[in-house]
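Me: Hello! I have just opened a structure that is new to me, and I would like to walk through it with you. Could you help me with some questions?

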Amino acid sequence: MSEETHSKSRSLYAEAIKVLPGGVSRNMICRKPHPDYATAGTGCHVTDIDGTVRIDFANNTASLIHGHAHPAIVSAVTEQLQRGTAFSMATESELRFAQHLCSRNQSFEKIRFMNSGTEAVMAMIKAARAITGRPKIAKSEGAYHGTYDYAEVSQKSKPENWGLADSPASVPLARGTPQRALEDVVIVPFNNVDQTIDLLNQHKDELACVMIDPLPHRAGLVPATPEFMEAIRAWTTENGALFALDEVISFRMGYGGACDWYPNVQPDLTSLGKIIGGGFPVGALAGKDEFMACLDPTKDRLPFPFSGTFSANPITMTGGLVAMERFDRAAVEQLNLLGNYARKEIEAAIHSTGTEACVTGAGSMFRVYLKSKTPTEYRSAWQDADEVQKINFLVDHLYHHGFMMIGTCSAALSTVLGKDEVDQLVESL
Ligand code: PLP
């Protein structure tokens, strides 16, 4: 596609760079030579300001489970919009949504709403510290948990500074992360039970929680093994730390989240976000009553003050409830089957060209790697500059042929996608 076909986007971007750093508010929107500007989304299609229509496999980084402008969500939210969008009062919408989410997962005895996944992770870490009185957290190498100092440690671990070693100097991410934050984070290798337990034991009296994303996008988009999850559950119980599960992305894997895939494991606290908002900004912390009590403002002495002006706003609560009610057990199962189909077909298509590649993922998510060996954790998933360049080329190729992927060549399916759209993607690949 020539630059001429993007002329309106190009001129908007020229204005944007004058008022927004880099012209954007989200790093992942950046594209070279400029991002295109969306004007409308309907179902699985997004139209940009220059009139190009693409099939959306990114779904706002895995946050739209029913695609764009689902009529039932639009109708419920429009009705609520006319009655007000934010009050210094409780609303019934918050109560009904809380009841619905708590009914989906046994470990969600109570839930507190907030505005983003980052906030949910931040609340989870702070709650774990307040409950245990301990300073440190453990997280797995390279895993993304949003933008909060402790959650960011080791996100960009690479061969020169692999983040497993105990020294904080080996795990810096950004110059903005305080040294004290680095010292309070223990980095463990995903899915490696022996090394993880060994590292946890070295800090056992100081650890408030072990935080795990069961399907970490940057660690290969490979699911946690049951052995890994069970070992962390057992270790945290034995050593007075909390098992903190980050389901901001992975909740789409099961009716009660990825947690359903591990019948022997119940987390103490779970962070949520993305799909539960029905397309509106959201985060939530859910968990056992005894732990969630630390957020109870009716207590005489609140161990952990946490609030937010727009938390549980009725627009998100209304849109979220409609979206999640429609993502019932049958819808979850159907979408996961579509995910299986996509992974199988894409792998076969790539192999038929003789290219060294593999497809990882689970449930409704998949990621294409131009590697001959399927990654199993962060280090084997790590891509050098050459591999990144090739993946960028592939993502660009798909984009210019009408398919929007997450920038890592990953996809998060929505219920409005079907085999037809997957087949078109396979053909283009
Ligand atoms: N945790 C995980 C596992 C995520 O994937 C993300 C975002 O991608 C976050 C937390 C942060 O969520 P948000 O972007 O809503 O702040």
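Here are the questions and answers, one topic at a time.

Me: Happy to start. What kind of model is this?
Reply: Good thing to settle early on. Local features in this model are judged with pLDDT, and the model is predicted.

Me: Let's look at the sheet. In what order do its seven strands run?
Reply: The seven strands form an open sheet with mixed pairing. The strands at the edges, each pairing on one side only, are E4 (110-114) and E6 (185-188). On average, neighbouring strands are turned by 20° against each other, direction ignored. Read across the sheet, the order is E4-E10-E9-E8-E7-E5-E6.

Me: Which helix packs on that sheet, and what angle does its direction make with that of E9?
Reply: The helix that packs on the sheet is H5, which covers residues 117-132. H5 touches E4, E5 (136-140), E7, E8, E9 (269-273) and E10 (283-287). The direction of H5 makes an angle with that of E9 of about 165°.

Me: How many bridges join E7 to E8, and which residue of E8 stands opposite Cys209?
Reply: Strand E7 spans residues 207-212 and strand E8 spans residues 242-246, and the two run parallel. They are joined by four bridges. Opposite Cys209, in E8, stands Leu242.

Me: Now the ligand. Which helix gives the largest share of the shell around it?
Reply: The ligand is surrounded by 13 residues, and the closest are Ser116, Gly117, Thr118, Gly146 and Val248. By type, the shell divides into four nonpolar, seven polar and two charged residues. The largest share, three residues, comes from helix H5.

Me: Helix H15 caught my eye. Why do its buried residues line one face?
Reply: Helix H15 covers residues 419-428, and its buried residues are Glu421, Val422 and Leu425. Seen down the helix axis, the buried residues of H15 line one face because they fall within an arc of 100°.

Me: Which exposed residues sit on the face turned away, and what covers the buried ones?
Reply: Strand E3 (53-56), helix H12 (329-352) and strand E13 (403-404) are among the elements covering the buried residues of H15. The face turned away from that buried side carries the exposed residues Asp420 and Glu427.

Me: Is Asn59 buried or exposed?
Reply: Asn59 lies in helix H2 (residues 59-62). Its phi is positive, about 50°, although Asn59 is not a glycine. A residue is buried if 20 or more other C-beta atoms lie within 10 Å of its own. Asn59 has 28 C-beta neighbours inside 10 Å, so it counts as buried.

Me: What about Cys409: what is its phi near?
Reply: Cys409 is in the loop between E13 and strand E14 (410-412). With 22 other C-beta atoms within 10 Å, Cys409 is buried. Although Cys409 is a residue other than glycine, its phi is positive, near 70°.

Me: Where is Pro33, and is the peptide bond from Lys32 to Pro33 cis or trans?
Reply: Pro33 has its place in the loop between helix H1 (7-19) and strand E1 (38-42). The peptide bond from Lys32 to Pro33 has an omega near 0°, and the bond is cis.

Me: One last residue, Asn340. What separation do the C-alpha atoms of Asn340 and Thr225 have?
Reply: Asn340 has its place in helix H12. With 14 C-beta neighbours inside 10 Å, Asn340 counts as partly exposed. Asn340 and Thr225 are 115 residues apart along the chain, and their C-alpha atoms are separated by 18 Å.

Terms used:
Residues numbered from 1 in each chain as written. Predicted model: local features only at pLDDT ≥ 70, side-chain atom pairs only at ≥ 80, totals over all residues. Buried ≥ 20, exposed ≤ 12 C-beta atoms within 10 Å, placed from the backbone. Arc of directions from axis to C-beta. Contact = placed C-beta atoms within 7 Å. Near = placed C-beta within 6 Å. Nonpolar A, V, L, I, M, F, W, Y, C, P; charged D, E, K, R; others polar. Pairing = 2+ DSSP bridges. Axes fitted to C-alpha atoms, helices over the stretch in contact; angles between N-to-C directions.
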